[in-house]
Amino acid sequence: MTMQNIGIDKISRRDFLGKGLVFGAGVRGLAAGYAAVPDVFAKAVYSAKSAGVTNDRVLVMIQLGGGNDGLQTVIPIGDAKYRDLRPTLGKEADAALAIDKDHGLHQNLKGIKSLYDQGKVAIVEGVGYPTPSFSHFDSIRVWETGDPTRRQQDGWLGKTIAKNYDSAGHPLVGCATGTTSTPGMLRDLQATLTVINDQASFKFQGNGDNVDRVMGTLYTGTPGIYGALFDTAMSTVRDTVAQLKTSAAKYVPKASYSDNQKLVFSSKNQLAAALQLAAELIVTGTGVKVLHVTLGGFDTHYTEQTRHADLMTYLDAAVSAFHQDLTAYGMADRVLIATWSEFGRRPVENASGGTDHGTAAPVFLIGDPVKGGLYGQGPNLAKLDPSQNVGFNVDFRSVYQEILSGHLGLDGQDVLGASFDAIPFMRAAGS
Amino acid sequence: MDEPTRTAAKPRHRLSRRTVVIGAGAAAGGLAVLRVLGLHTVGPDPRALLDPTSAPVVNTKDWVSPLDAPAAQVAQLLRRATFGMTKAQYETALTEGFQKTLDRLIETPVATPKDLAGADAASQAKPINVTALQSWWLDQILASPSPFAERMTYFWHGHFTSDFRKVTTQAPYIYWQNLTWRKNALGSFRDLLYQVTVDPGMLRYLDLGQSTGKAPNENYSRELMELFTMGVGTFSEDDVRAGAKALAGWREPLTQPMVDYLIARAQQNGRPAPKNLVADSTKTGVFEPARAYRGSVTYLGVTKQWDTNMVLDRIMQQDSVAPYITTKVLREFVMQDPPADYVNRIAAAWKKSGYDIKTLMRDVFTSPEFLQPVAYRSLVKSPTELMVHIARALEAPQLSKTIAQSGAGMGQALFDPPEVGGWPSNASWVSSNNVLTRVNFVVTTLGGMQKLPAFGNAHQTHIDGIVSEPTAQLLNSAADDPTRWLILLASPEFQLK
């Protein structure tokens, strides 16, 4: 299956009615979604937007890809059922970092525990959605679009950008670092966003300035169904290259970032490098509002204990360095870090020392503007559903709602399609 | 199916005044092109046209489909069925014509690559080098006498995914998997599915090799239905659980070098050698009845005691399989959003053929839709397709290692798909990062080449001579062949297949 469909046809169709088609595709082609995007479309939508930056807050989403095991992350140390259900994994309860008599963080989350003790970490327990999907791709799409009915194509953060921020000339309003493709959460053809896998190589090779200019010409008015997509991508590249030239010169990391984490399976994503670049973009005033980074490897069907423990160490070290860096630059009060994962894992351990796909799990919200503590309600292990999974206690959109309204100062309704009861994990501005 | 006529097409977004001004800048850009590669080549006249014996590139404003012409038809076939072409391959196909070329591509017996040195003996002591593995496959892609089989091997690699990270390079499994996919690439889908299920790399990647009747692991059971055959929403969670039980009992095979390593490690640690540790003679999974599930389960509506073949047979009886696979094939080879009647027609014929892959692919390439205007430039080349086509256009098969090392930056390191769902497709290949890395690959490749083939009519050969206004202006104003190659290979036209 492809989770990768970008809603080109939708946008282009809407925009194109009355403007005709390329290739003589005719009405049949239109019906089939083969409308083309006009050459001027890409730029026009950006300039049509009004300036809408309402505050100086920044959001950093960290995707824990594969389905992070919530019960191994926020461990119900006071619940005997947990140890019963997990003969191997349950031993982690003994080493957990207790935050109260019922909850302990995984022993490798030492940095995050320290931030929790400073009141800078909110943990929302039991976050999920109705009729959960156990498919990675389906559930990822639900979280990305904010739509459990799986009808939406655009990402909730892409929509947030498109609806609220004038991004003309500001390619970094939405940005994914440490990856090559646009994350689904940021996806929206009307949002400018850039993707930077590796900063050092994000420039034109050869006689760079000339290549830059020539590509600007070559990717102008490109016909065809992908024309606007290519032209927009190239114009974003050129803006980003220019932006990075100045930001790199202004930034020296004030924390120690390392991707030398030993993992059972090597990581596809360099989380620390991605967060370091995120820090650079934030502290050098590039206008970045929404960042997305990913750490994969959480699909622990097999030998989970070591694999998960190593990932916890990796996550903890990268997040701690990032927070320390922002603090040293005096920017920590502006930045919210939020984790997300497509689902948690089944409470009962399987015979491979792992766990299969599950449902609700905790979400972490980290940063100085956060009102620390526990929110929501943890899993009831004594009362599993017929699929042997836990029910959900908090709709994930209630978390999104607070991110939008409590952090970014936006009305979430146009993004989420409805108003949700926000979980009040953000401090009021100025408090 | 009434084909939309080209004559009905009106030029659409005629260049606006603003675009023309930018276009005029294109000419100036063209002058600057002289040194874009840092090669310091200076042409005799910066405004010189292409090869003086050929006509200047004509801008077509819109990319009007040329697919009613035989040359464009074979070019589209070569771009989509073989990772693009050399000038010689293009000319051969042009002489043969579409039908003969298609017959040759489909019927050429699958050529087996030469062994990758050391891969069969891979162990924890001597792992496979990933770049060497990737280059080995790219060498085969670039030079194989059965290029369509390579293209299908690549398709199955993105469908029946595994990655070297989880499979590891400390066993021959990931290498064997490539050989197995190739061997079965054009046969029966049902046979392929069995080989996939018992493939050692797959046993490890989706944990079936760990699954037992007593404690079934659901990973493979789920993806077998959701991603490999039927599609999401066509089965229940109970089917996932029942399938996990029904499929349990396989383990990964051990090679002699793997056994030797385990014994040596035990000795090193002062432990006795593990008992009953012997190498297996097979290169596929080993079924151990003692680890299987005893008893009957209800799977996809049937209650009985199952074995692996019965499970696969039951899946192949589902109506969802043919449309699901057909949709994916059409999206890869014809168009992003194939209409339902098109999918159903091809799927029905495929099912009738007993799921013969050659039949499916022949039907796809000979379907009228393949050459209709809506199919023209409707697909985005993957990084591998792009780079291999570049290497062919530049007659540079020595680029295999460079291609292997450049894929990751564009989002496609072979043997390392981003997720079990496989590679992105079409629009999702296009991000700012990937557009930049694609251009940079062209720049550094051209900059690193000692000798370039003459440009000649390369824009005709590779992109049918159908170019946008800026592409035409830049090509016409380029002063030398390196610059022309840069414009062609970095153009939006060349990114599409």
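These legends walk through several close-up views of a predicted model with chains A and B.

**Figure 1. Chain A as a whole.** Let us begin with the make-up of chain A, which has 15 helices and 12 strands. The chain has 431 residues, and buried ones make up 63% of them. If we take contacts in chain A between residues at least 6 apart in sequence, 71% join residues at least 24 apart.

**Figure 2. Helix α8 of chain A is mostly covered.** This helix spans residues 136-145 of chain A, and 9 of its 10 residues are buried. If you would like to find them, the buried residues of α8(A) are His136(A), Phe137(A), Ser139(A), Ile140(A), Arg141(A), Val142(A), Trp143(A), Glu144(A) and Thr145(A). What lies over them? The cover of these buried residues includes helix α9 (156-164), strand β9 (335-340) and helix α14 (396-407), which belong to chain A. Follow the chain just past the end of α8(A) and you meet Gly146(A), with a positive phi of about 70 degrees.

**Figure 3. Thr131(A), a residue with a positive phi in a loop of chain A.** Thr131(A) is not a glycine, although its phi is positive, at about 35 degrees. To locate Thr131(A), look in the loop that joins β5 (121-128) and α8 of chain A. Is Thr131(A) buried or exposed? Thr131(A) counts as exposed because it has 7 C-beta neighbours inside 10 Å, and a residue with 12 or fewer falls in that class.

**Figure 4. Chain B as a whole.** Now we turn to the second chain, which has 23 helices and 4 strands. Chain B holds 497 residues, of which 56% count as buried. Among the contacts in chain B with a separation of 6 or more, 76% come from residues 24 or more positions apart.

**Figure 5. Phe83(B), a buried residue with a positive phi.** Phe83(B) sits in the loop between α2 (70-81) and α3 (87-96) of chain B. Its phi is positive, about 65 degrees, although Phe83(B) is not a glycine. Is Phe83(B) buried or exposed? Phe83(B) is buried, because 26 other C-beta atoms lie within 10 Å.

**Figure 6. Asn457(B) and Lys87(B), a pair that is 370 residues apart in sequence.** Look for Asn457(B) in the loop between α20 (432-448) and α21 (458-463) of chain B. With 16 C-beta neighbours inside 10 Å, Asn457(B) counts as partly exposed. How far apart in space are Asn457(B) and Lys87(B), C-alpha to C-alpha? The distance between them is 9.6 Å.

**Figure 7. The buried face of helix α9 in chain B.** Helix α9 covers residues 189-197 of chain B, and its buried residues are Phe189(B), Leu192(B), Leu193(B), Val196(B) and Thr197(B). Seen down the axis of α9(B), these buried residues fall within an arc of 135 degrees, so they line one face of the helix. Which helices do they pack against? The partners are α10 (200-205), α11 (219-229), α14 (308-316) and α17 (357-366) of chain B.

**Figure 8. Helices α15 and α16 of chain B pack together.** Here α15 (residues 321-333) and α16 (residues 340-352) of chain B have axes 9 Å apart, at an angle of about 120 degrees. That angle makes α15(B) oblique to α16(B). The crossing of the two is right-handed. From α15(B), the contact uses Ala322(B), Pro323(B), Thr326(B), Thr327(B) and Leu330(B), while α16(B) brings Tyr342(B), Val343(B), Asn344(B), Ile346(B), Ala347(B), Trp350(B) and Lys351(B). Sorted by class, this contact has 8 nonpolar, 3 polar and 1 charged residues.

**Figure 9. Helices α16 and α17 of chain B, with Met361(B).** The axes of α16(B) and α17(B) come within 9 Å and cross at roughly 150 degrees. The two helices are therefore roughly antiparallel to each other, and their crossing is right-handed. Ile346(B), Ala349(B) and Trp350(B) in α16(B) meet Thr359(B), Leu360(B), Asp363(B) and Val364(B) in α17(B). By class, the contact has 5 nonpolar, 1 polar and 1 charged residues. Helix α17 of chain B also holds Met361(B), which is buried, with 23 other C-beta atoms within 10 Å. Met361(B) and Leu330(B) are 31 residues apart along the chain, and their C-alpha atoms are separated by 9.4 Å.

Technical notes: Residues numbered from 1 in each chain as written. Chains lettered and ligands numbered in written order. Predicted model: local features only at pLDDT ≥ 70, side-chain atom pairs only at ≥ 80, totals over all residues. Axes fitted to C-alpha atoms, helices over the stretch in contact; angles between N-to-C directions. Parallel < 35°, antiparallel > 145°, perpendicular 65-115°, else oblique. Left-handed = near helix turned anticlockwise from the far one by under 90°. Contact = placed C-beta atoms within 7 Å. Nonpolar A, V, L, I, M, F, W, Y, C, P; charged D, E, K, R; others polar. Buried ≥ 20, exposed ≤ 12 C-beta atoms within 10 Å, placed from the backbone. Arc of directions from axis to C-beta.
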